[in-house]
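Thanks for sharing this one with me. Here are my notes, in the order I would read them with the structure open.

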Amino acid sequence: MQKIILTGYMGSGKTVIGSALAQKLQLPHLDLDAVIESSQQMPIAEIFAKKGEIFFRKIEHQTLSELVNSADPFVLSLGGGTPCYANNDKMLRLPNVVSVYLKASIETLAKRLQNETQKRPLLASDEAAGLHEFIAKHLFDRSYYYNQALYTINVDGKTIDAIVSEICQLA
Ligand code: S3P
């Protein structure tokens, strides 16, 4: 049973593309953050604030393991940090998984994220004062994990439809 997993930095379009792709392939769409919010009955920002990032990363790992080990096919949009913790990147290469890294440039990400820092706890910190620089460093640290995906698609300047079509040609 096929499982398609989308990974990439915050703002790369994982949720929007995942939803459109699932609709086209007539598969259920799951968003890992949304699954966690529903199981914890709390928005992600509140989980970070009240329980801390380590707790979030544990739940994130458990939730992802359960989903990839289930029998059901789906399109799953990961959180931006998911493959970078707890060996989650290994799950991008399981035999029943088609994983895709939605690769966006620092410029694209900074433009998309500039008004969204409140929703995303990691961008709300003081460190994020220089958003462009923060993303550049963070992406450098994380690229290794995103690159564990089977496929990479450059998303800069492309429409949702164009990206979905590219993924359909892979999966
Ligand atoms: C995170 C990205 C967020 C969410 C959490 C941590 C990260 O998901 O999982 O705030 O570490 O990059 P999005 O990429 O959907 O914003």
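1. A word on terms before the details: a polar contact here is a pair of N or O atoms within 3.5 Å. Please keep in mind that the model is predicted.

2. With that cut-off in hand, the ligand is a good place to begin. A polar side-chain atom of Arg120 lies 2.7 Å from one of the ligand's oxygen atoms, and Asp33 also places a polar side-chain atom 2.7 Å from a ligand oxygen. For Lys14, a side-chain N or O atom is 2.8 Å from an oxygen of the ligand. The protein covers 94% of the 380 Å² of accessible area that the ligand has on its own.

3. Which residues come nearest to the ligand? Out of 14 around it, they are Lys14, Asp33, Arg57, Arg120 and Arg142.

4. Lys14 deserves a second look. This residue belongs to helix 1, which spans residues 14–25. Lys14 is buried but forms no salt bridge; Asp33, the nearest side chain of opposite charge, is 6.9 Å away. The Lys14 side chain does reach the backbone oxygen of Gly8, at 3.0 Å.

5. What else surrounds Lys14? Beyond its neighbours within four places in sequence, Lys14 is in contact with Leu6, Thr7, Gly8, Tyr9, Ser77, Leu78, Gly79, Gly80 and Leu102.

6. Lastly, a look at helix 5, residues 106–113. Its buried residues are Thr108, Leu109, Ala110 and Leu113, and helix 6 (131–146) is among the elements that cover them.

Methods:
Residues numbered from 1 in each chain as written. Predicted model: local features only at pLDDT ≥ 70, side-chain atom pairs only at ≥ 80, totals over all residues. Heavy atoms only, no water. Helix = DSSP H or I, 4+ residues; strand = E, 2+ residues; numbered from the N terminus. Buried < 20%, exposed > 50% of the residue type's maximum accessible area, 1.4 Å probe, protein only. Lys, Arg positive; Asp, Glu negative; His and termini not counted. Salt bridge = Lys/Arg side-chain N within 4 Å of Asp/Glu carboxyl O. Polar contact = N/O pair within 3.5 Å; in protein donor to acceptor, adjacent residues only side chain to side chain. Contact = heavy atoms within 4.5 Å. Near = heavy atom within 4 Å. Areas by Shrake-Rupley, 256 points an atom, 1.4 Å probe, with all protein chains shown as cover.
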